Amino acid sequence: MKQKNLFLSILYTILPALSVVCLFILWYSVSNQRPDLIPTPADTWERFLLTFEKPIMRLSFFEHILASLRRVITALMFSWVFGILIGTVIGWTKTGRALVGSVFNMLRPIPPLAWIPLITIWFGIGEAPKVLIVIIGSIVPVIVNTQSGMERVEQLYLDVGRVFHANNRQLLFEIALPSALTTIMAGIKTSTSTGWMVVLAAEMLGAKSGVGFLITRGMDSGDTALVLVAMIAIGVVGALLAVLISLIERMVCPWLRKK
């Protein structure tokens, strides 16, 4: 049994690296056969180094990544605070569900990219509209998961709290919210990945910095290597953000460490 567990542990450690190697081999094979469609790994690496020798819009490659991250983090702070607040109101009180829930359910199916034309007309193409678009995209998962978590709080827990004469504030903050914390964190994780994707689309419209801008710049100039460099950066940063949020989740929800 111990040998089997050891084997599985080694296997699960190797498989992620193996999958990356397989992807690299596929990339290498396709790029060698059709270099006109996709640049080779060597050409992509050279283009990456060139972004430091010849900065685009006077910003290095990492400065463009930081520009995107600043927009995302600003939007996520807003989305997490107000998303949890709105989700709690909808999931905890019948009045909130009646007043806010119906409006939210009507607006929720509208994809964030559909708001881009209106926001551009209303606010232009400055920094605030880009953050606003990310907020629209990232706040929905937080509201939905918070609402779901609040609605699924075990009635037994609330009844025990009432037996010990807990008031409504104590029921909410000491029983309901801690019980829904795992679901809320799931919404935060989803909002992080959604926000990172939406900011890239927002930056492709009138931005002068950011990873989305690099993709647009590469597309307009026919620089496929730059597009690929930006795409790889999107994947790497997105994966790092997912790992970071997972670590925060395990700190906030210590019972998940056993899984």
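A residue counts as exposed when its relative accessible area is over 50% and as buried when that area is under 20%, with partly exposed in between. Keep these cut-offs at hand for the tour that follows, which goes through a predicted model.

**Stop one: the aromatic residues of α2**

Select Trp 45, which at 52% relative accessibility counts as exposed because that value is over the 50% cut-off. Now add Phe 48, which is buried, with a relative accessible area of 17%. Trp 45 and Phe 48 are three residues apart in helix α2, so about one helical turn separates them. A search of the whole structure finds nine aromatic pairs. In the pair formed by Trp 45 and Phe 48, the ring centres are 5.4 Å apart and the planes stand at 35°, so the pair is tilted.

Next, extend the selection to Phe 52, which counts as partly exposed at 36% relative accessibility. Phe 48 and Phe 52 both belong to helix α2, where they lie four residues apart, about one turn of the helix. Their rings form an edge-to-face pair, with 5.2 Å centre to centre and 85° between the planes. If you then show Phe 61 and Phe 62 as well, you have the cluster that ring pairs build from Trp 45, Phe 48, Phe 52, Phe 61 and Phe 62.

**Stop two: from Ser 60 to Phe 61**

Move to Ser 60, which is placed in the loop between α2 (41–53) and α3 (61–92). This serine is buried, with a relative accessible area of 19%. Leaving out residues up to four places away in sequence, Ser 60 touches Thr 51, Phe 52 and Pro 55.

Step on to Phe 61 and display its contacts: beyond its neighbours within four places in sequence, they are Phe 48, Thr 51, Phe 52, Leu 214, Val 229 and Ala 233.

**Stop three: the largest nonpolar core**

Phe 61 also leads into the largest nonpolar core, which has 48 residues, and in which Phe 61, Ile 65, Trp 196 and Val 211 have the most contacts. To see where this core comes from, colour α3, α5 (116–123), α6 (127–151), α8 (168–179), α9 (181–203), α10 (211–221) and α11 (224–252), the elements that each give two or more residues to it. The largest share, nine residues, comes from α11.

**Stop four: the pockets**

Which residues lie nearest the centre of the second largest pocket? Select Trp 45, Phe 48, Val 229, Ile 232 and Ala 233, which hold that position among the 13 lining residues. This pocket contains about 280 Å³ of space, and α11 gives the most to its lining, with five residues. By class, the lining has twelve nonpolar, one polar and no charged residues.

For the largest pocket, with about 390 Å³ of space, centre the view on Phe 104, Leu 107, Ile 136, Ile 139 and Val 140, the closest to its centre of the 17 residues that line it. Here the largest share of the lining, six residues, comes from α6, and the lining divides into 16 nonpolar, no polar and one charged.

**Last stop: the cavity**

A search of the whole structure finds one cavity of 30 Å³ or more, and about 70 Å³ of space lies in it. Among the residues to select in its lining are Ile 116, Thr 120, Lys 130, Ile 133 and Leu 205. The elements that give two or more residues to this lining are α5 and α6, and by class the lining has seven nonpolar, three polar and one charged residues.

How values were computed
Residues numbered from 1 in each chain as written. Predicted model: local features only at pLDDT ≥ 70, side-chain atom pairs only at ≥ 80, totals over all residues. Heavy atoms only, no water. Buried < 20%, exposed > 50% of the residue type's maximum accessible area, 1.4 Å probe, protein only. Contact = heavy atoms within 4.5 Å. Core = buried A, V, L, I, M, F, W, Y, C linked by side-chain atoms within 4.5 Å. 1 Å grid on protein atoms, 1.4 Å probe; cavity = no way out; pocket = protein on both sides within 12 Å on 5 of 7 lines; lining within 4 Å. Points joined across faces, edges and corners; volume = space filled by probe spheres on them. Nonpolar A, V, L, I, M, F, W, Y, C, P; charged D, E, K, R; others polar. Phe/Tyr/Trp six-rings, centres within 6.5 Å; stacked < 30°, edge-to-face > 60°.
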